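Student: I am new to this structure. Please take one helix and look at it closely, then show me how it sits in the rest of the protein.

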Amino acid sequence: MTTEPLLLIIGLLLAISVAATRASNRFGVPALILFMAVGMLAGSDGPGGIAFTDAGVAQLIGVIALIYILFSGGLDSDRQIIKPVLTEGLILANVGVLVSTVIVAVGARLMLGFDWPLALLLGAIVSSTDAAAVFSVMRTRGIHLKHWLEPLIELESGSNDPIAVFLTVGLTNLVINPQESLLTLIPSFIMQMTLGVAGGYAFGRLMIWVVNRIRLQQEGLYVVLTMALTLLTYGFTAIIGGNGFLAVYLAGIILGNANIVHKRSILRFHDGVAWLSQIAMFLILGLLVFPSQLPAVAGQGLAMALWLVFVARPVSVIIALGWRRRSLPQLLMVAWAGLRGAVPIVLATFPLLAGVPDAPLLFNLVFFIVLISVLVQGISISWVARRLGVMTDQTEVIDSHLFVPEVSGASQILEAQIPPDSALVGKSLIDADLPRGLLVVQIQRADGYIIPNGSTVFAPNDRLVLLVAPTAMPAVTELCASCSLNPIGSLLK
């Protein structure tokens with residue numbers, strides 16, 4: 001296919017997918033299903049007739065997409081909100097995946113007649129909840145839950161992919177090399193998780209330092225910079241033996257909870273990148289599947305999907321969170337919100353590329369399981385939340401990541417001058433640690449006036465126009481004393 005028709009097709013598929021979100025909001029069908037349906041209709045079995053069978057390309061696109069989805073999910077995670085559920089979330093993300101893997105394997109052994117290595121591999125592939133599916137359904141459907149359930153569910157979905165990837169790769173190798181022991185995976189798991197945490201923390205701090213000090217002239221370059229640093233985080237961590245997915249998610253949390261320049265632009269851009277990643281991932285996976293092959297596994301796939309949704313997932317949640325003594329409705333809500341999405345389908349490409357004999361059967365089973373999970377759980381999640389009594393009446397969420405000065409009609413406009421010996425000289429606005437309720441409206445210098453942003457650096461003899469809330473006046477007085485800031489007077493009484 002030449003370049004022009006290829007670009008036309010890509011643009012058409014993206015436009016149709018975006019338009020499909022309107023139908024999602026109107027009829028309550030998860031947008032991810034519609035993205036996948038567009039890919040299936042465009043594929044070789046659909047009217048589009050696009051022949052796509054390259055599992056390697058699908059896996060590469062899926063991995064890159066997942067990197068940016070996890071990073072964006074981390075950026076949107078408020079540390080103060082997830083802190084109360086951090087322990088629960090991490091236990092659920094790891095213990096829950098392990099328990100779910102085993103229970104799904106038992107079902108595959110009993111209902112499908114799989115041997116244990118293959119049954120465990122199927123369990124590992126479908127064991128993790130999908131960050132893209134959960135973030136998309138929870139936020140686009142306006143679902144807000146009580147009892148810290150919402151941050152718990154989102155934290156789990158963003159942090160359980162690393163262990164699922166590890167188990168899938170390890171068990172794929174075990175299926176190919178049956179002489180190896182399952183116990184050999186334990187040291188590797190500990191190393192990957194440890195290096196993943198270390199890499200994520202180190203690169204998260206590095207991102208903050210670089211973004212705040214690089215002093216780029218064009219605002220748009222900051223988002224390009226964060227995209228590059230995200231790939232560096234994943235690539236470097238993976239090369240040294242760590243889990244790159246865990247690293248990018250943790251780096252996103254660290255960056256998203258820091259004061260950085262152009263934060264609004266960076267967060268909004270990465271939200272768009274996450275949506276593009278979701279669309280691309282589901283379109284590619286829709287193209288990769290052959291709908292004509294699904295009826296042959298429909299009975300097996302339905303049985304495993306029901307086993308996963310109504311047995312494996314609830315039991316794994318109860319075991320992982322039983323120590324916390326949460327109520328049964330809360331546990332059932334966490335279980336029902338455990339949507340599967342594109343991640344299990346991406347993981348199903350690993351056995352395909354590794355040459356596992358039953359890999360095509362696994363792929364079709366996983367695709368069917370995901371389809372049932374997103375349809376059944378995604379469509380009914382609002383109804384279930386209301387029936388369980390865990391839905392709140394909250395209609396608006398304040399974005400706590402974006403700093404909004406506490407100013408009001410009672411605020412005063414003040415002028416101040418920065419002397420050459422002030423501690424503020426040479427510091428950027430983002431690094432100055434100014435009191436909350438103080439807004440630097442304008443800076444006057446010899447060469448004119450500046451409307452400051454976070455990267456603006458204070459210079460000697462700068463004249464500042466300040467908007468100060470009444471509650472911030474004591475802190476501003478203290479700032480003037482500690483930083484030798486000379487107040488010139490109030491312009492508005």
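Tutor: Start with a term: two residues are in contact when heavy atoms of theirs lie within 4.5 Å. By that test, 80% of the contacts in the protein with a separation of 6 or more join residues 24 or more positions apart. Keep in mind that this is a predicted model.

First, the setting. The protein has 19 helices and five strands. Of its 493 residues, 52% are buried. The average pLDDT is 84, and 90% of the residues score at least 70. Confidence is highest in helix 11, at 94, and lowest in strand 5 (residues 486-490), at a mean of 62. Helix 11 is the part to look at closely.

Begin with its length. Helix 11 covers residues 220-239, which makes 20 residues. At 1.5 Å a residue, these should span 28 Å. The end C-alpha atoms are 29 Å apart, so the model agrees with the expected span.

Now its sides. The buried residues of helix 11 are Tyr222, Val223, Leu225, Thr226, Leu229, Thr230, Thr233 and Thr237. Looking down the helix axis, you find them within an arc of 150°, so they line one face of helix 11. The general rule helps here: an α-helix has 3.6 residues a turn, so residues three or four places apart point the same way.

What lies over that face? The cover for the buried residues of helix 11 includes helix 3 (55-75), helix 10 (185-213), helix 12 (244-256) and helix 13 (263-288). Just past the end of helix 11, Gly241 has a positive phi of about 100°.

Next, move out to helix 8 (residues 149-159), where Leu155 sits. Leu155 has a relative accessible area of 3%, so it counts as buried, the cut-off being under 20%. Leaving aside residues up to four places away in sequence, Leu155 touches Val85, Leu86, Gly89 and Tyr249. Leu86 is 69 residues away along the chain, yet the two C-alpha atoms are separated by 7.8 Å.

Helix 8 also helps to cover the buried residues of helix 15, as do helix 5 (86-112), helix 14 and helix 18, among others. Those buried residues are Gln330, Leu331, Met333, Val334, Ala335 and Trp336. Trp336 has 14% relative accessibility, so it counts as buried.

Trp336 has a ring partner too. The structure holds five aromatic pairs. One of them joins Phe310 and Trp336; this pair is tilted, at 5.7 Å centre to centre and 55° between the planes. It links distant parts of the chain, with Phe310 in helix 14 (residues 298-321) and Trp336 in helix 15 (residues 328-336), 26 residues apart.

Then the cores. In soluble globular proteins, nonpolar side chains tend to be buried together. Here the largest nonpolar core has 103 residues, and Phe114, Leu122, Val126, Met333, Val334, Ile345 and Val366 touch the most other members. Helix 18 (residues 359-388) gives this core its largest share, 15 residues. Ile345 touches Met36, Leu285, Phe363, Val366, Phe367 and Val370, not counting residues up to four places away in sequence. Apart from this core lies another, of 17 residues, including Leu75, Ile208, Leu255 and Ile266.

One caution to end on. Over residues 400-404, pLDDT stays under 50, and the model has 14 contacts beyond four places in sequence for them. Where pLDDT is low, the predicted coordinates should not be read in detail.

How values were computed:
Residues are numbered from 1 along each chain as its sequence is written. Side-chain values use heavy atoms; hydrogens and water are left out. Helices (H or I, at least four residues) and strands (E, at least two) are DSSP runs, numbered from the N terminus. The expected span of a helix is 1.5 Å times one less than its number of residues. Buried means under 20% relative accessible area, exposed over 50%, partly exposed in between (1.4 Å probe, protein chains only). The arc is that of the directions from the helix axis to the C-beta atoms. A nonpolar core is a set of buried Ala, Val, Leu, Ile, Met, Phe, Trp, Tyr and Cys residues joined through side-chain atoms within 4.5 Å. pLDDT is the predictor's confidence in each residue, from 0 to 100. Rings of Phe, Tyr and Trp (its six-membered ring) pair if their centres lie within 6.5 Å; planes under 30 degrees apart count as stacked, over 60 as edge-to-face and the rest as tilted.
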